[in-house]
Amino acid sequence: MDNLNAAKNTTEYAWNKHAGAFNSTRKSINDATDDIERGFAALKIKQDLLSKENEGADVDVEDVLEINAGGKIVKATRKNLTQLKGTRLEALFSGRWEKQLQRDRDGRVFLDVNASC
């Protein structure tokens, strides 16, 4: 019987030790998640303010943009131009820089590129 009680006590001790470590790790992960979410919210606020400063707050992914690409006029939806995240096209046409884009005399976005490429 003593062996059974000793095994039970050993098992309970190990369980409590691991449960404590688990709870501590879970708390650390939850705290880190909260920090990330707060940072993301702050970043979103900054992004929205920057977007408003550059007249990009009212853009829609379904907008059809006329682009003067080196003299060749092309049309594309903002959704198509921004689908590859992290690219220059995504940055240019995300709406955050709408006020900063060069325009031709007809108001089309002007890209100084080789039209034949």
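## Strand pairing and nonpolar core

This is a predicted model. The chain has a mean pLDDT of 90, and 96% of its residues reach 70 or more. Confidence peaks in strand β2 (residues 72–77), at 95. It is lowest in helix α3 (residues 88–93), at a mean of 90.

**Strand pairing**

Strand β1 pairs with β2 and with β3. The table sets out both pairings.

| Strand pair | Direction | Bridges | Pairing of Ala-69 |
|---|---|---|---|
| β1 and β2 | antiparallel | six | bridge partner Lys-72 |
| β1 and β3 | parallel | three | opposite Leu-111 |

β1 and β2 form a hairpin. Two residues lie between the strands. In the turn, Gly-70 has a positive phi of about 60°.

**The core**

The largest nonpolar core has nine residues: Leu-65, Ile-67, Ala-69, Ala-76, Leu-81, Phe-93, Leu-101, Val-109 and Leu-111. β1 (64–69) and β3 (109–111) each supply at least two of them. β1 gives the most, with three residues. In general, nonpolar side chains of soluble globular proteins tend to be buried together.

Ala-69 belongs to this core. Leu-111, which stands opposite Ala-69 in β3, is also a core member.

**Contacts of Ile-67**

Which residues does Ile-67 touch, leaving aside those up to four places away in sequence? They are Lys-72, Ile-73, Val-74, Leu-81, Phe-93, Val-109 and Leu-111. Among them, Leu-81, Phe-93, Val-109 and Leu-111 share the core with Ile-67. Lys-72, the bridge partner of Ala-69, is another contact of Ile-67.

Definitions and conventions. Residues are numbered from 1 along each chain as its sequence is written. This is a predicted model: local features need pLDDT of at least 70, side-chain atom pairs count only at pLDDT 80 or more; totals for chains, interfaces and linings use all residues. Side-chain values use heavy atoms; hydrogens and water are left out. A nonpolar core is a set of buried Ala, Val, Leu, Ile, Met, Phe, Trp, Tyr and Cys residues joined through side-chain atoms within 4.5 Å. Buried means under 20% relative accessible area, exposed over 50%, partly exposed in between (1.4 Å probe, protein chains only). Helices (H or I, at least four residues) and strands (E, at least two) are DSSP runs, numbered from the N terminus. Contact means heavy atoms within 4.5 Å. pLDDT is the predictor's confidence in each residue, from 0 to 100. Two strands pair if DSSP finds at least two bridges between them.
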